[in-house]
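Visitor: Hi! I'm new to this one and would love a quick tour.
Guide: Happy to help, so let's bring it up.

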2 protein chains.
Amino acid sequence: MTDLTEANERLAQINKSRLDSHGIFAVNIMGTPGSGKTSLLELTLDDLKDRYKIAVIEGDLATSLDAERLKKHGSEVLQINTQGMCHLDANLINKALDRFDLSKLEIIFIENIGNLVCPAFFDLGVHRNVVIVSAPEGDDKPIKYPVMFRETDLFIINKTDLLPYLEVDVGRMKRDAKVINPKIGILELSCKTGDGVQDWLGWVEESMAQAEPRSN
Amino acid sequence: MTDLTEANERLAQINKSRLDSHGIFAVNIMGTPGSGKTSLLELTLDDLKDRYKIAVIEGDLATSLDAERLKKHGSEVLQINTQGMCHLDANLINKALDRFDLSKLEIIFIENIGNLVCPAFFDLGVHRNVVIVSAPEGDDKPIKYPVMFRETDLFIINKTDLLPYLEVDVGRMKRDAKVINPKIGILELSCKTGDGVQDWLGWVEESMAQAEPRSN
């Protein structure tokens with residue numbers, strides 16, 4: 001297991017160097033099935049595609065349903081089917097990067113497998129990790145899945161439009177997340193109504209500026 | 001990996017024999033974080049605890065929050081913390097069974113780790129596997145997580161009270177699940193309103209009768 005982790009970490013560093021040498025900013029989006037990862041990416045591509053050259057690496061156990069959705073939004077989309085494997089790893093990302101012309105890209109979004117557990121253990125070599133939890137999943141998610149929140153730069157609470165119909169304490173979610181990871185950023189949004197999505201887009205551009213990858 | 005799978009399968013058979021020799025009916029409940037596994041078990045214990053001797057094996061990555069919730073409902077609850085591992089396996093269940101007086105039990109419910117992927121690969125040696133998906137997770141879950149639906153006897157669609165506020169095609173979920181696994185049972189319910197919960201309780205008692213474990 002240590003060997004596996006070491007190999008992953010080594011490949012993650014290689015991925016990071018490759019991305020940086022081409023000035024590409026990469027974001028890994030994680031969350032449980034149905035939390036809204038693909039919906040958020042659809043909105044993101046619509047907004048950013050005219051300003052940046054973007055590609056998406058779309059991870060799924062099976063099917064290319066999400067990739068088909070994303071291809072309608074004007075960016076390059078590469079499907080990875082893990083054939084049942086529960087997470088993406090640095091090796092899969094390394095092979096995916098081979099299939100792009102990296103000199104023509106500025107942002108790569110990675111949609112990880114729908115899973116709040118395993119993806120947190122596998123560094124992909126990206127600049128930012130994001131976790132999405134949708135409000136109906138309940139306010140105990142950060143404290144019950146602490147590894148994910150410890151490894152993440154931004155915690156997005158999605159489907160806030162459903163809050164009036166739920167007994168969910170958003171304040172508790174935020175407090176617990178901050179206890180686990182005091183540096184974590186937190187945004188609330190609804191992919192359905194669009195509320196808060198501008199804050200997310202702002203976070204992407206700000207993080208991109210901070211990441212300062214070397215330009216090619 | 002084959003060795004691991006074989007060891008798990010062997011231990012699963014041992015678990016099954018142990019359960020059967022004591023006339024205990026066991027159900028493994030799987031689903032994504034926040035799908036409603038604990039809520040369904042709370043309602044189940046409230047209803048069945050006066051008629052059957054029940055224990056719950058509660059799997060979590062960390063915390064005993066769910067076990068604390070369940071202990072208020074009058075049944076024996078054993079917490080397993082997997083320390084980050086993404087599923088329960090037959091060995092963990094085997095060790096958990098050591099800690100019960102099996103001669104005093106009739107039903108064991110197992111709440112698996114919140115994960116729609118990994119638990120499907122590990123047979124625990126129970127009589128029935130159940131997967132819960134909550135309506136807000138979206139109608140593409142069966143087709144995107146086929147392994148889980150292939151290994152499952154009953155598919156519960158929870159949080160139906162939220163359907164008026166969602167764009168979710170319940171018919172599609174059911175059709176896709178039946179294509180993947182023509183024998184799968186399907187129930188719709190809401191743990192919040194109680195709608196449909198009687199159907200679930202009926203399924204438990206009916207399945208118990210069908211399983212016909214040898215009495216001790």
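What follows is a short chat about a predicted model.

Visitor: Let's start where the chains meet. How many residues does each of chain B and chain A bring to the contact?
Guide: Chain B brings 34 residues to the contact, and chain A brings 34 residues too.

Visitor: And what area do they bury between them?
Guide: Chain B and chain A bury about 2,700 Å², with 63% of it on carbon and sulfur atoms.

Visitor: Which residues of chain B lose the most area to chain A?
Guide: Those are P33(B), K144(B) and Y165(B), which together account for 22% of what the chain B side buries.

Visitor: How many salt bridges are found across that interface?
Guide: There are four salt bridges between chain B and chain A. K144(B) also appears in a salt bridge, where its side chain meets that of D66(A) at 2.5 Å, N to O.

Visitor: Nice. Switching topic: how do helix α2 and helix α8 of chain B cross?
Guide: Their axes come within 11 Å and cross at roughly 65 degrees. Angles of 65 to 115 degrees count as roughly perpendicular, so that label applies to α2(B) and α8(B).

Visitor: Left-handed or right-handed crossing?
Guide: The crossing of α2(B) past α8(B) is right-handed.

Visitor: Which residues make the contact there?
Guide: From α2(B) come L40(B), L43(B), T44(B), D47(B) and L48(B). The α8(B) side supplies V197(B), Q198(B), W200(B), L201(B), V204(B) and E205(B).

Visitor: What kinds of residues are those?
Guide: In the contact of α2(B) with α8(B), seven are nonpolar, two are polar and two are charged.

Technical notes. Residues numbered from 1 in each chain as written. Chains lettered and ligands numbered in written order. Predicted model: local features only at pLDDT ≥ 70, side-chain atom pairs only at ≥ 80, totals over all residues. Heavy atoms only, no water. Axes fitted to C-alpha atoms, helices over the stretch in contact; angles between N-to-C directions. Helix = DSSP H or I, 4+ residues; strand = E, 2+ residues; numbered from the N terminus. Parallel < 35°, antiparallel > 145°, perpendicular 65-115°, else oblique. Left-handed = near helix turned anticlockwise from the far one by under 90°. Contact = heavy atoms within 4.5 Å. Nonpolar A, V, L, I, M, F, W, Y, C, P; charged D, E, K, R; others polar. Buried area = accessible area lost by both parts, 1.4 Å probe.
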